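Hi,

Here is the structure I said I would pass on. Have a look at it first, and then read on for what turned up.

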Amino acid sequence: MNTQISEQLFQKAQTLIPGGVNSPVRAFKAVGGNPLFIKSAKGAYLFDEDGNKYIELINSWGPMIIGHAHELIEKAVSDAIQNGFSYGAPTRREVEIAELIVSMVPSVEKVRLVNSGTEATMAAIRVARGYTGKDKIIKFEGCYHGHGDSFLIAAGSGAITLGVPDSPGVTKGVANDTLTAPFNDLEAVQTLIEANKGNIACIILEPVVGNMGLVIPKDGFLQGLRQLCDKEGIVLIFDEVMTGFRLSKGGYQERTGIIPDLTTMGKIIGGGMPVGAYGGKKEIMDRVAPAGPIYQAGTLSGNPIATAAGKAMLTYLNEHPEVYTRLEEAGNTLTAGIRSNMQKLGLNYTLNQVGSMFTLFFTEKPVNNFDDAKTSDTQRFGQYFQAMLKRGIYLAPSQYEAMFISTALTDEHINTIVEANYESLKEII
Ligand code: PMP
């Protein structure tokens, strides 16, 4: 595989951009080698600067759920561009996309658009604090909620990959207000609540975790959190930045029927453009400025080009339930293929999957929380990643990430991936 142009670009990038990338995990630090510079993408494929073609399972870390450069989104964006790029004033499309979100996501009665998942989670905890008048938040070890100061405590995704779960620059004061519990451990949450009686504003979690690799809530866990929050007057926040519009059109909350007070969204909601959102109960959302006193704003929030892409995406998902049938089927076929490969090779690695998200953990231990995930052999994952890449399959470059499937992935692509998985596992064991 010739990657000369990518190599040259990366050398130059490192002189201009910290680590040569604009978001840490992209640097391939966890898997060795240097990152590929992507020139274009179409359907299920990525093309790099050297002209190599990859079937990919990242899909921009989730947003490209119907594949890259889908004509519907392309058309919506090119139509919108004719009317100017940004006004900083209300538009019809913001009302239309809000109406769509409210109709699709069970917990959302009112919604505010922002520009990223990070903004959404930062705003959501401010709103929870403003609403309850309490300071502390509970998050779970290995959950990632963007790079807001309050969340860089026992964080997953790039923060664990690079070994900086507690980032310099986060003050002790902020860190003290973030309490952490192991995922799937209701008792630990109960203990935290008892020890901080009357001081907890919210519990925030990824209802299915993507950021320590894929981790599934045990039966009763989400229900238990809902009950604890109701009993103690704590705001329950589901961070559905990854799972929203993916695990069903209304997110994981629609799948389980467990409804949070606030939901944060991102990724798919912008159809590939930078969009995030937070929403929930009217009573809480009406405390947000200018309806209420809790301040939150954005020059580019509700941007007309971004909302054009987002509206096209959500409209499509809302009107095509077969998308979710296909994603389930593709996820099941792909993981069944990987399981069968492992059986043939005498391997017993843990494979977690929900619908179109999955992670193959290089550990034999069941993975139900961050400590379990950390028993993975990350060096072996790095070898697997490189072995797959050599075979034209582009995976998320870290053990602690979920893979995302799009509807552009055909059965033929899935066969190719399963074959590459067999060859790669055989090569590295
Ligand atoms: N929450 C979750 C669950 C995420 O996965 C991410 C990003 N991967 C974020 C929040 C932050 O979103 P963004 O990168 O758009 O700021």
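Before anything else, a word on the labels: helices and strands here are DSSP runs, numbered from the N terminus, with at least four residues for a helix and at least two for a strand. Also keep in mind that this is a predicted model.

With that in hand, start at Phe28, which sits in the loop between helix H1 (4-16) and strand E1 (38-42). Its phi is near 65 degrees, so a positive value in a residue that is not glycine. Most residues other than glycine have a negative phi, and most peptide bonds are trans. Phe28 is also buried: 20 other C-beta atoms lie within 10 Å, and 20 or more is what counts as buried here.

Phe245 is another one to click on. This phenylalanine has a positive phi of about 65 degrees and belongs to the loop between strand E8 (235-239) and helix H9 (251-256). Phe245 counts as buried because 29 other C-beta atoms lie within 10 Å.

There is a peptide bond to check too. Ala289 and Pro290 are joined by a cis peptide bond, with omega at about 5 degrees. Pro290 is in the loop between helix H10 (282-285) and H11.

Now for the annotated site. UniProt, in an unreviewed entry, puts "modified residue: N6-(pyridoxal phosphate)lysine" at Lys267. Where does Lys267 lie? In the model, Lys267 is in the loop between strand E9 (262-265) and strand E10 (276-280). Is Lys267 buried or exposed? Buried, because 26 other C-beta atoms are found within 10 Å. Leaving aside residues up to four places away in sequence, Lys267 touches Trp61, Gly62, Pro63, Gly117, Val241 and Met242.

On to helix H11 (residues 304-319). At 1.5 Å a residue, its 16 residues should span 22 Å, and the end C-alpha atoms are indeed 22 Å apart, so the two agree. The buried residues of H11 include Ile305, Ala306, Thr307, Ala308, Leu314 and Leu317. What do the buried residues of H11 pack against? Their partners are helix H2 (71-81), helix H3 (92-104) and H12.

H12 (residues 322-345) leads on to a sheet, as this helix lies across E11 and E12 and runs at about 175 degrees to E11. The sheet is open and has three strands in the order E11-E12-E14, with antiparallel pairing. Its edge strands are E11 (350-354) and E14 (403-404), each of which pairs on one side only. Strand E12 (residues 357-361) is joined to E14 by two bridges, and these strands run antiparallel. Met357 has Phe404 in E14 as its bridge partner.

Finally, the chain as a whole. There are 15 helices and 14 strands in its secondary structure. A compact globule of 429 residues would have a radius of gyration near 22 Å, and the chain comes out at 21 Å, which agrees. Along the principal axes, the C-alpha atoms fill a box of roughly 55 × 55 × 45 Å. Buried residues account for 51% of the 429. Of the contacts with a separation of 6 or more, 74% are between residues 24 or more positions apart.

Cheers

How values were computed: Residues are numbered from 1 along each chain as its sequence is written. This is a predicted model: local features need pLDDT of at least 70, side-chain atom pairs count only at pLDDT 80 or more; totals for chains, interfaces and linings use all residues. Two strands pair if DSSP finds at least two bridges between them. Two residues are in contact if their C-beta atoms, placed from the backbone, lie within 7 Å. Axes are lines fitted to C-alpha atoms, for helices over the stretch in contact, and angles run from 0 to 180 degrees between N-to-C directions. The radius of gyration is taken over C-alpha atoms; the globule rule is 2.2 Å times the number of residues to the power 0.38. A residue is buried if 20 or more other C-beta atoms lie within 10 Å of its own, exposed if 12 or fewer, and partly exposed in between; C-beta atoms are placed from the backbone. The expected span of a helix is 1.5 Å times one less than its number of residues. UniProt positions are given in the numbering used here, feature names are shortened, and annotations may be inferred rather than shown by experiment.
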